[in-house]
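Hi,

Here is the structure I promised to pass on. Have a look at it first, then read my notes on the salt bridges underneath.

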Amino acid sequence: MPTFRFPHPLVLLVGFILLAVGLSYVLPAGRFERRQDEATKREVVVPGSYHRVAATPVSPLDALTAIPKGLQDAADVIFLVFLAGGAFTVVDQTGALRRGVDWLLDKLRGREALVIPVVALLFATMGALENMQEEIVPLVPVLLVLMRRMRYPVLTAAAVSIGSAAVGAAFSPMNPFQVGIAQKLAGLPLLSGLGFRLVFLALALLIWIGGTMRYARRHRETAPLAVDDAQIEAEHSAHEGGHRHGLVLLLLLVTFVFFAYGVLELGWDFGQMSALFFALGVSAGLVGGLGLTGTAEGFIAGFKDIAFSGMLIGFARAIFVVLEQGQIVDTIVNGLSAPLAHLPVAASALGMLGLHTALHLPVPSVSGQAVLTMPILTPLSDLLGLSRQVTVLAYQYGAGLCEIITPTNGALMAIVAACGVRFDQWWKFVFPLYLLLLGLAVVAIIIGIAVGV
């Protein structure tokens with residue numbers, strides 16, 4: 001009997017584009033009125049303003065042009081992926097990455113089990129601080145070298161990076177793109193509910209990191225790894241190029257420091273991040289002895305390796321483009337939120353959790369989902385006697401946790417693909433942990449109602 005195989009990521013995303021096209025013919029077109037919100041400086045919907053508009057079903061030609069439009073809309077992210085991916089390929093070709101990983105493992109000899117929790121906590125922290133996602137794609141080569149050296153399955157590289165960052169973001173007390181925007185829109189002080197969120201953040205990371213370590217141990221290779229020619233060459237010249245490797249690794253460290261400072265303190269966008277990684281690649285190539293031609297060829301090799309991941313981000317964006325062209329995003333939001341007004345308080349809160357979970361498939365941006373839903377749900381929660389903080393929690397957990405499972409998350413699709421992992425393999429690993437985390441979210445919401453958070 002033939003076994004079911006999960007569709008190729010590109011096939012899956014095109015299927016969702018076609019589904020969005022079909023929905024534009026079935027669902028009535030409608031829109032909410034919008035206004036500028038002074039607190040967030042974003043356009044938000046006006047509660048109770050939903051109204052029907054003239055239908056604009058998406059034609060086959062429009063569906064096809066939505067794909068390049070999605071690529072254009074995601075251009076800043078895609079260029080970051082290409083330039084940073086090229087830069088890390090250059091760094092790898094100098095031999096510095098392997099040398100650095102070997103040094104790290106030598107220092108951790110006998111304590112290799114610390115690698116997964118330490119790396120996972122690092123990415124979880126960045127997720128909690130700034131919703132780190134697309135920025136992870138260029139780091140995949142480094143993580144793959146590390147995990148392969150430890151004989152862990154390549155899926156572990158995705159789990160400790162995008163998985164940890166998404167869980168950290170979903171339970172974060174301060175993520176500006178999720179809880180920050182939602183609290184502003186709900187009229188709550190920033191960082192309110194800090195202690196409550198920190199408790200459940202710690203529990204969520206215990207679940208995620210524990211599950212990742214369990215998977216890594218169960219699937220760890222026992223035979224020695226095959227050594228490729230590039231590795232032999234790198235190890236053969238280790239003594240001769242040791243100082244060059246050290247300088248390249250120093251450049252890498254300095255780049256990460258500038259990257260964190262630029263994102264957290266200077267408000268950098270993707271263009272500035274891309275420029276920084278391009279400068280890293282050029283500097284590393286010259287310092288690492290590749291020369292101008294070798295550095296250029298390294299960038300080209302990196303572009304080739306990362307191209308598929310970059311394209312997936314654009315195709316995922318095209319789904320939302322189609323839904324917007326059909327003017328059915330607001331219809332979906334209105335249809336899903338209306339029944340909540342007739343539920344008891346606790347059931348309404350859990351219904352909001354389900355609403356945000358369902359909405360994150362057609363609305364893959366967490367910040368976009370906040371500005372779309374919070375102005376509707378906040379007054380509804382007031383009418384129901386539901387704490388606004390719990391309303392924010394329902395959004396945060398519902399939308400945030402979907403980041404680890406939904407195929408419309410371009411960053412997730414890109415990272416899983418860059419690791420060489422099929423999406424059905426990822427789902428098989430992630431779904432039990434997702435259910436545990438969702439159960440934790442339900443507990444948090446019920447406790448939040450009980451204690452009046």
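Let's start with Asp 73 and Lys 69: their side chains meet in a salt bridge, with N to O at 3.0 Å. Keep in mind that this is a predicted model. Where do Asp 73 and Lys 69 sit in helix α2? They are four residues apart in that helix, which covers residues 60-73, so about one helical turn separates them. As for the surface, Lys 69 is partly exposed, with a relative accessible area of 36%, and Asp 73 counts as partly exposed too, at 37%.

Asp 73 also has a salt bridge with Arg 317, this time at 3.9 Å from N to O. That pair ties together distant parts of the chain: Asp 73 belongs to helix α2, Arg 317 belongs to helix α13 (residues 291-325), and their positions lie 244 residues apart in the numbering. Arg 317 is partly exposed, at 30% relative accessibility.

Now for another pair, Arg 422 and Asp 424. Their closest N and O atoms are 3.1 Å apart, and the two form a salt bridge. Is Asp 424 buried or exposed? Asp 424 counts as buried, because its relative accessibility is 19% and the cut-off for buried is under 20%. Arg 422, at 36%, is partly exposed.

Back to the earlier residues for a moment: Lys 69, Asp 73 and Arg 317 are joined into one network by salt bridges that share partners. How many salt bridges are there by this rule? The count comes to five, including the ones described here.

Have fun exploring!

Definitions and conventions:
Residues are numbered from 1 along each chain as its sequence is written. This is a predicted model: local features need pLDDT of at least 70, side-chain atom pairs count only at pLDDT 80 or more; totals for chains, interfaces and linings use all residues. Side-chain values use heavy atoms; hydrogens and water are left out. A salt bridge is a side-chain nitrogen of Lys or Arg within 4 Å of a carboxyl oxygen of Asp or Glu. Helices (H or I, at least four residues) and strands (E, at least two) are DSSP runs, numbered from the N terminus. Buried means under 20% relative accessible area, exposed over 50%, partly exposed in between (1.4 Å probe, protein chains only).
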